[in-house]
Amino acid sequence: MLKWFACRLVEISLEHGFCKYSALGIMRFSMVLGGKLVHDVRGGYEVGKVALKLLERFDATDLLPHSYLCYYGFIAVHIEPFQSCADMLKRGFEIGLS
């Protein structure tokens, strides 16, 4: 069901425009791409980077902890060095606590 919600949120964003919450849908969609169903890790990685750029564009620091968890915990860890992913997960945790 989560996969359907992610795809639907991306579809709605493409039809009606983007907002900071669109980045959550795009991030979840990147997890779908990199997951067992599609198994396109590189595609999920690239789509996840787009979601992070969208968060930066809307200055959505309130959504960073969740997005960092999804991206650095499930997607980027397959491509980027483990230590850099761990550092970004820690940064997301610290942002969430502040």
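In this predicted model, the axes of helix α3 (residues 41-57) and helix α4 (residues 64-75) come within 11 Å and cross at roughly 165 degrees. An angle over 145 degrees counts as roughly antiparallel, and α3 and α4 are therefore roughly antiparallel to each other. The crossing in which α3 passes α4 is left-handed. On the α3 side, the meeting residues are Gly44, Tyr45, Gly48, Lys49, Leu52 and Leu55, while α4 brings Leu64, Ser67, Tyr68, Tyr71, Tyr72 and Ile75. Sorted by class, the residues of this contact comprise eight nonpolar, three polar and one charged.

The loop between α3 and α4 holds a residue worth a look in the viewer, Asp59. Although Asp59 is not a glycine, its phi is positive, at about 50 degrees. Is Asp59 buried or exposed? Its relative accessibility is 60%, and the cut-off for exposed is over 50%, so Asp59 counts as exposed.

On to the partner of α3 that precedes it in the numbering, helix α2 (residues 22-34). Here α2 and α3 pack at an angle of about 170 degrees, and their axes are 7 Å apart. With that angle, α2 and α3 are therefore roughly antiparallel to each other. From α2, the contact draws on Ser22, Ala23, Ile26, Met27, Phe29, Ser30, Leu33 and Gly34. From α3, it draws on Val41, Gly43, Gly44, Val47, Gly48, Ala51, Leu52, Leu54 and Leu55. This contact of α2 with α3 has eleven nonpolar and six polar residues, with no charged ones. Gly44, Gly48, Leu52 and Leu55 of α3 take part in the contact with α2, and these four residues also appear in the contact of α3 with α4.

Ser22 of α2, one of the residues that make the contact with α3, also links to helix α1 (residues 2-16), where Ser13 lies. The side chains of Ser13 and Ser22 are joined by a polar contact of 2.8 Å. Beyond residues up to four places away in sequence, Ser13 touches Phe18 and Ser22. How buried or exposed is Ser13? Its relative accessible area is 3%, and buried means under 20%, so Ser13 is buried.

Returning to α4, the next pairing is with helix α5 (residues 82-97). The α4 and α5 helices pack at an angle of about 165 degrees, with 8 Å between their axes. That angle makes α4 roughly antiparallel to α5. The crossing of these two helices, α4 and α5, is left-handed. Residues Leu64, Pro65, Tyr68, Leu69, Tyr72 and Gly73 of α4 meet Cys85, Met88, Leu89, Arg91, Gly92, Ile95 and Gly96 of α5. By class, nine residues of this contact of α4 with α5 are nonpolar, three are polar and one is charged. Leu64, Tyr68 and Tyr72 of α4 meet α5, and these three residues also meet α3.

Leu64 shows how one α4 residue can reach both neighbours. Leaving out residues up to four places away in sequence, Leu64 touches Leu55 and Ile95. Leu55 belongs to the α3 side of its contact with α4, whereas Ile95 belongs to the α5 side. With a relative accessible area of 14%, Leu64 is buried. The C-alpha atoms of Leu64 and Ile26, which are 38 residues apart along the chain, are separated by 13 Å.

Within α5, Leu89 offers a useful vantage point on the contact with α4. Which residues does Leu89 contact, leaving aside its neighbours within four places in sequence? They are Tyr68, Leu69, Tyr72 and Gly73, each of them among the α4 residues that meet α5. The C-alpha atoms of Leu89 and Pro65 are 8.0 Å apart, with the two residues 24 places apart along the chain. Leu89 is partly exposed, at a relative accessible area of 30%.

Asp87 also lies in α5. Its relative accessibility of 44% means that Asp87 counts as partly exposed. Between the C-alpha atoms of Asp87 and Tyr72, residues 15 places apart along the chain, the separation is 9.2 Å.

Terms used: Residues numbered from 1 in each chain as written. Predicted model: local features only at pLDDT ≥ 70, side-chain atom pairs only at ≥ 80, totals over all residues. Heavy atoms only, no water. Buried < 20%, exposed > 50% of the residue type's maximum accessible area, 1.4 Å probe, protein only. Polar contact = N/O pair within 3.5 Å; in protein donor to acceptor, adjacent residues only side chain to side chain. Contact = heavy atoms within 4.5 Å. Axes fitted to C-alpha atoms, helices over the stretch in contact; angles between N-to-C directions. Parallel < 35°, antiparallel > 145°, perpendicular 65-115°, else oblique. Left-handed = near helix turned anticlockwise from the far one by under 90°. Nonpolar A, V, L, I, M, F, W, Y, C, P; charged D, E, K, R; others polar.
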